Amino acid sequence: MYKLIDGKQISTQIKDELKDRVAKEGIKATLAVIQVGDDPASSVYVGNKKKACEYIGIGSRSFELPEKTTEEELLDLIDKLNDDDDVTGILVQLPVPAHIDDKKIINRISPLKDVDGFHPENVGNLCIGQDGFVSCTPAGIMELLGRSGIEVEGKRCVVVGRSNIVGKPMALLLLAANGTVTVCHSRTKDLKDICKQADILVAAVGRPKMITSEYIKEGAVVIDVGIHRMDNGKLCGDVDFDDVKDMTSFITPVPGGVGPMTIAMLMVNCVKAASNRSENHNGK
Ligand code: NDP
């Protein structure tokens, strides 16, 4: 019988721990959230991020910029926020419109305020095992595993997907936890055979229900990062949950698995940025 990994419950637990810590330690944090254009999905994500800030007791400042905002204007705003001592974290909601180079934007955010963990300095820190900000979705998956009592050490871990935001940092985190990690992508040969060897399988492919029982080893832990809206209006993941669940020992549902963890870990990073800042100020 499989166990469901309840991301909703674990993310609430994390947010409650942060809320206590913010109140007890008097942490003063402000997250600046920048959205360019009015993509409805982005607006929902931004709204949820602001709500989470409110819940744990930190401030948020919203910058809703028109679609026609130039790259220069966006970079200028980031410069101002980097220099603003009251702002402890900066987040630019992706994707930005096509006329703006998202790499330039990510690179301009101060690594000390990069609560998304996308800046090359933070990615480098993750790679060489130094402290920094870690991309929220994979960091959330490590929390799901840890808080569900799932050991990574010595396990065969397969990550399907190699994006900078999910797949690559996921692989690095599993490696840091002493897993034996294989990363698969669209050019991987024998994908099913490789997945079938996994004790822990992370699906971050962006293809609805692609991972069926043919990809699963009996007793595997299956983490589904994908999120898709089906024609019937319901959400599904990259994993065919009903087909796969009885073969697994643990599995994340969609919705209610990985999704809620991303925002919880953003809050972890926001609190960390603020507390790092106050330590540095005290040390001066
Ligand atoms: P990307 O589209 O950036 O990356 C998808 C990866 O999957 C790529 O590396 C691609 O390979 C690989 N891939 C695509 N098709 C295949 C295939 N047939 N076989 C093997 N590999 C394949 O997606 P993201 O990493 O940003 O996101 C992945 C999923 O997770 C999406 O559904 C997204 O919506 C969801 N997501 C959910 C979040 C959450 O909070 N729950 C947060 C972020 C993402 P290649 O590199 O060769 O192109």
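A cavity here is a set of points, on a 1 Å grid over the protein atoms alone, where a 1.4 Å probe fits but cannot get out, and its lining residues have an atom within 4 Å of a point. This is a predicted model, so local features need pLDDT of at least 70 and side-chain atom pairs count only at pLDDT 80 or more, while totals for chains, interfaces and linings use all residues. Residues are numbered from 1 along each chain as its sequence is written, and side-chain values use heavy atoms, with hydrogens and water left out.

**Exercise 1. Find out which residues line the largest cavity, and sort them by character.**

Step 1: Start with the space itself. The largest cavity comes in at about 70 Å³, a volume being the space filled by probe spheres set on the points, which are joined across faces, edges and corners.

Step 2: List the lining. You should get Ile90, Leu91, Val92, Leu94, Ile105, Ile106, Ile109, Asp114, Asp116 and Phe118.

Step 3: Sort them. Eight are nonpolar, none polar and two charged (nonpolar: Ala, Val, Leu, Ile, Met, Phe, Trp, Tyr, Cys and Pro; charged: Asp, Glu, Lys and Arg; polar: the others, Gly among them).

Step 4: Look for the main contributor. Strand 4 (89-92) and helix 4 (102-108) each supply at least two residues, and strand 4 gives the most, with three. Helices (H or I, at least four residues) and strands (E, at least two) are DSSP runs, numbered from the N terminus.

**Exercise 2. Work out the geometry of the aromatic pair.**

Step 1: There's one such pair in the structure. Rings of Phe, Tyr and Trp (its six-membered ring) pair if their centres lie within 6.5 Å; planes under 30 degrees apart are stacked, over 60 edge-to-face and the rest tilted.

Step 2: Tyr2 and Phe241 have ring centres 6.2 Å apart and planes at 90 degrees, so they're edge-to-face.

Step 3: Place them on the chain. Tyr2 sits in the segment before strand 1 (3-4) and Phe241 in helix 9 (residues 241-244), 239 residues apart.

Step 4: Check exposure. Tyr2 is buried at 17% relative accessible area, while Phe241 is partly exposed at 24% (buried is under 20%, exposed over 50%, partly exposed in between, with a 1.4 Å probe and protein chains only).

**Exercise 3. Describe the surroundings of Thr137.**

Step 1: Thr137 belongs to helix 6 (residues 136-147) and is buried, at 13%.

Step 2: Skipping residues up to four places away in sequence, Thr137 touches Val166, Val225, Val258 and Thr262, where contact means heavy atoms within 4.5 Å.

How values were computed:
1 Å grid on protein atoms, 1.4 Å probe; cavity = no way out; pocket = protein on both sides within 12 Å on 5 of 7 lines; lining within 4 Å.
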